[in-house]
Amino acid sequence: MEEISWSDFEKVELRAGTIMEVLEYPEARKPAYKVKVDFGELGIRMSSAQITALYSKEELVGQQIVGVLNFPKKQIGKFMSEFLVTGFADENGDIVLTTLNGKVPNGSRMI
């Protein structure tokens, strides 16, 4: 593992946002949803997330997640992803979302 400096870490905009809407993404190569997330003053952004194995669309709405907001937009098929949804792979390789244990204002930065 490569060490990074504190100033490198400070460049990463890890922000809290609330999932507002979850849409099917049948065009994706691997099963995925399109998620619409409210990041407060930073706006509403869309991303794709390969989280269909562990989450239904209905249970995701209202959850607060952690996203990286300062990566460039990324073309994923015909869809333009505006942030990176964060998570961890479980023992089966399925993605477990990075969520918050308590509520914070949308757009809050991880410190």
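**Exercise 1.** In this predicted model, decide how Thr18 counts at 18% relative accessibility: buried or exposed?

*Solution.* Start with the cut-off: buried means under 20% relative accessible area. Thr18 has 18% relative accessibility, so Thr18 counts as buried. Next, place the residue: Thr18 belongs to strand E1. Finally, look at its surroundings. Setting aside residues up to four places away in sequence, Thr18 touches Lys36, Val37, Asp38, Gly62, Gln63, Gln64 and Asn106.

**Exercise 2.** Now try Thr98: where is it found, and which backbone nitrogen does its side chain reach?

*Solution.* Begin with the position: Thr98 sits in the segment after strand E9 (95–97). Then check the accessibility: with a relative accessible area of 18%, Thr98 is buried. Its side chain reaches the backbone nitrogen of Gly87 at 3.4 Å. Gly87 also appears in the contact list of Thr98, together with Gln64, Ile65, Val66, Thr86 and Phe88, once neighbours within four places in sequence are left aside.

**Exercise 3.** Work out which residues of the largest nonpolar core touch the most other members, and which strand gives the most to this core.

*Solution.* Take the members first: the core has 15 residues, and Leu60 and Phe83 touch the most other members. Strands E1 (14–24) and E2 (33–38) each supply at least two residues, and E2 gives the most, with 3 residues. Now zoom in on Leu60: not counting residues up to four places away in sequence, Leu60 touches Ile19, Val22, Tyr33, Ile51, Tyr55 and Leu97. Another core, of 5 residues, lies apart from this one and includes Ala28, Ala32, Met46 and Phe79. As background, nonpolar side chains tend to be buried together in soluble globular proteins.

Notes: Residues are numbered from 1 along each chain as its sequence is written. This is a predicted model: local features need pLDDT of at least 70, side-chain atom pairs count only at pLDDT 80 or more; totals for chains, interfaces and linings use all residues. Side-chain values use heavy atoms; hydrogens and water are left out. A nonpolar core is a set of buried Ala, Val, Leu, Ile, Met, Phe, Trp, Tyr and Cys residues joined through side-chain atoms within 4.5 Å. Buried means under 20% relative accessible area, exposed over 50%, partly exposed in between (1.4 Å probe, protein chains only). Helices (H or I, at least four residues) and strands (E, at least two) are DSSP runs, numbered from the N terminus. Contact means heavy atoms within 4.5 Å. A polar contact is a pair of N or O atoms within 3.5 Å; within protein, one must be able to donate a hydrogen and the other to accept it, and residues adjacent in sequence count only if both atoms are side-chain atoms.
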